[in-house]
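User: I'd like to go through this one piece by piece, with the cut-offs spelled out as we go. Please start with the ground rules.

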Amino acid sequence: DSLANDPSWQDGDVRTGISKGSRLPKISANKITRFGFWNTRSLKKQETMEMLNKECESYNLDILTLAETRLDQQRVIGDQRTLITSSSSAEGRNGVGIYLKNTLARSIIKYSCINDRILQVRLNTKPVKITITVSYAPTNVSEDDQKDAFYTSLQRAMDNVSQHDIHLIAGDFNANLGKQTKSSLLIMGNHALQDQECSDYG
């Protein structure tokens, strides 16, 4: 089933969904909500979706943000979870998404598929609302104009978030942390790549 067929939803355009329900359920801050992120490399295969469900159950995740889904823009309601994805690029690459329990999906105020690398979802939570921005940055070897365009779009999306919201940013920023130094030990811990230089995102 699709959210497009749900009478409590309407499409502002192909890339935006806005709930027109007058009384959305609120997610309470008193309840623990578990978030996760996964670069899926592709969600086109059925076995990958099965693995996705298995991992969500294994880690008891309420919300899983996704990168490199390589799917078309869609909103699909399953028995227990809802999948929202942005469109992949014209070459069938990139794509981001969010996979959340249906109990939380009913509290979505709005979602925006900004482009094939950025998706934004706003939830009706209390005492304050939560906006989640999912992103997938170009790799360091990408053209500078591609990287600049991504960060310009990301900054614009962040600027549009209400100052009263809790803003969570999740994604794959394709960063290499570079060689570990004495001064960076407290920041990077043991996660540096000793044989690589720091990337533009590091």
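Analyst: Two strands pair if DSSP finds at least two bridges between them. Helices (H or I, at least four residues) and strands (E, at least two) are DSSP runs, numbered from the N terminus. This is a predicted model, where local features need pLDDT of at least 70 and side-chain atom pairs count only at pLDDT 80 or more, while totals for chains, interfaces and linings use all residues. Residues are numbered from 1 along each chain as its sequence is written, and side-chain values use heavy atoms, with hydrogens and water left out.

User: How many helices and strands are there in the protein?

Analyst: The protein has 202 residues, and 44% of them count as buried (under 20% relative accessible area; exposed is over 50%, partly exposed in between, with a 1.4 Å probe and protein chains only). Among contacts with a separation of 6 or more, 56% link residues 24 or more positions apart, a contact being heavy atoms within 4.5 Å. As for the elements, the tally is four helices and 13 strands.

User: In what order do the strands of the five-stranded open sheet run?

Analyst: The pairing in this sheet is mixed. β4 (35-39) and β6 (74-77) sit at the edges with a single partner strand each, so one side of each has no neighbour in the sheet. From one strand to the next the twist averages 15°, with axes fitted as lines to C-alpha atoms (for helices over the stretch in contact) and angles running from 0 to 180 degrees between N-to-C directions. The order is β4-β5-β8-β7-β6.

User: Why is strand β8 largely enclosed by the rest of the structure?

Analyst: β8 covers residues 96-101. It pairs in the antiparallel sense with β5 (residues 63-67) over five bridges, and β7 (residues 81-85) likewise pairs with β8 in the antiparallel sense over five bridges. The enclosure follows from the burial count, because the buried residues of β8 number five of the six.

User: Which residue of β8 stands opposite leucine 66?

Analyst: On the β7 side, arginine 81 has lysine 101 of β8 as its bridge partner. Threonine 85 bridges to glycine 97 in β8. Leucine 66 also stands opposite glycine 97.

User: At about what angle to β8 does helix α1 run?

Analyst: Helix α1 spans residues 46-58. It lies across β4, β5, β7 and β8. Its angle to β8 is about 50°.

User: Glutamate 68 and arginine 70 both caught my eye. Is arginine 70 buried or partly exposed, and at what relative accessible area?

Analyst: Glutamate 68 is in the loop between β5 and β6, is buried at 7% relative accessible area, and has a positive phi near 55° without being a glycine. Arginine 70 lies in the loop between β5 and β6 too, with a positive phi of about 60° although it is not a glycine. Arginine 70 is partly exposed, with a relative accessible area of 29%.

User: How far apart in space are leucine 24 and serine 107, C-alpha to C-alpha?

Analyst: Leucine 24 is in the loop between β2 (16-19) and β3 (27-28), partly exposed at 23% relative accessible area. Asparagine 124, in the loop between β10 (118-123) and β11 (125-126), has both Leu24 and Ser107 among its contacts beyond four places in sequence, and it counts as buried at 7% relative accessibility. Leucine 24 and serine 107 are 83 residues apart in sequence, but their C-alpha distance is 5.6 Å.

User: Which helix gives the largest share of the lining of the largest pocket?

Analyst: A pocket here, on a 1 Å grid over the protein atoms alone, is an open set of points where a 1.4 Å probe fits, with protein on both sides within 12 Å along at least five of seven lines; lining residues have an atom within 4 Å of a point. This one is lined by 17 residues, with Asn94, Asp116, Arg117, Pro138 and Gln146 nearest its centre. Four lining residues, the largest share, come from helix α3 (residues 144-159).

User: Where is the cis peptide bond?

Analyst: Proline 127 lies in the loop between β11 and β12 (130-136). Omega is about 15° for the cis bond, which joins lysine 126 and proline 127.
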